[in-house]
Amino acid sequence: MTPAAPSAASRIAVITGASSGIGAATARQLAAAGYRVVLTARRKDRIEALAEEINAAGHSAAAYQLDVTDRAAVDEFATAFQTVGVLVNNAGGALGADPVATGDPADWRTMFETNVIGTLNVTQALLPKLDASGDGTVVVLTSTAGHGTYEGGAGYVAAKHGEHVLAETLRLEIVGRPVRVIEIAPGMVRTEEFALTRFGGDTAKAAKVYEGVAQPLTADDVADTITWAVTRPSHVNVDLLVVRPRAQASNTKVHREAR
């Protein structure tokens, strides 16, 4: 099945958390697929540089500095559009790996705000624009953490479960309207920042996450999956797509090669 070209009314794709990793890779791939990509993130310099790169490659991109947890800013951002074809809710992340008994409530709160409330804010603000396109798609980037727990991950797991439930419920509530809801749930993905941010910049702890794993997923692998799902014909809805590296059988079973 060949990718469907975006219609004129649905060719704008908004990507949150587009300053690095999966968000940046998704922006590049959707732009190459024919979408005008709108890059949002808190780090203005990063998304502006990415927009310049995409435009220089002959595609179309614009950058908007945005904190998805700031509802007033999100609502103001949404006024810039009459229609939006695709929303990729990518902004989020993990903080810490402490057990429930000693986890930092501030980290839990931040993870819930960015992963769940941020997704809620942008989805609510842009849903009328997605409807207006006549062919909208909401992508919610969750995680395999949203489908199974593991020790030391309760805060992130709880946030990603919440994001999963948001996507699942939204799909039920808007059935019959011209908007699809797609959930992509990656397993182990090695990006330049995810584990480093989770462990407060501790490079040794971040490296240990991937130790012995020959080929974790890359940001491009996940972006390719997102782009494939988005470019299916309008009547095809990929409700949930779980993608892991071959070395990872579950959240708690990973093959690590001996050194």
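Two strands are taken as paired if DSSP finds at least two bridges between them. The exercises below concern a predicted model.

**Exercise 1.** Establish which residue of strand 5 is the bridge partner of Val86, and which residue of strand 6 is the bridge partner of Thr137.

*Solution.* Begin with strand 4 and strand 5, which pair in the parallel sense over 4 bridges; within this pairing, the partner of Val86 in strand 5 is Thr137. Next, turn to the other side of the ladder, where strand 5 is joined to strand 6 by 6 bridges, again with the strands running parallel, and where Thr137 has Arg180 as its bridge partner in strand 6. Finally, follow the chain between these strands: strand 4, helix 4 and strand 5 make a right-handed β-α-β unit, and the crossover from strand 5 through helix 5 (residues 154–173) to strand 6 is right-handed.

**Exercise 2.** Determine the strand order of the open sheet and explain why strand 3 and strand 7 each have one side without a neighbour.

*Solution.* The 7 strands are arranged in the order 3-2-1-4-5-6-7, with parallel pairing. Strand 3 (60–65) and strand 7 (240–243) therefore stand at the edges, and because each has a single partner strand, one side of each lacks a neighbour in the sheet.

**Exercise 3.** Decide whether the residues of strand 5 are buried or exposed, and state which way they point.

*Solution.* Taking buried to mean under 20% relative accessible area, 6 of the 6 residues of strand 5 are buried, so the strand is largely enclosed by the rest of the structure. Gly136, Val138 and Val140 point one way, whereas Thr137, Val139 and Leu141 point the other way.

Technical notes
Residues numbered from 1 in each chain as written. Predicted model: local features only at pLDDT ≥ 70, side-chain atom pairs only at ≥ 80, totals over all residues. Heavy atoms only, no water. Helix = DSSP H or I, 4+ residues; strand = E, 2+ residues; numbered from the N terminus. Buried < 20%, exposed > 50% of the residue type's maximum accessible area, 1.4 Å probe, protein only. Right-handed = clockwise from strand over helix to strand, strands pointing away.
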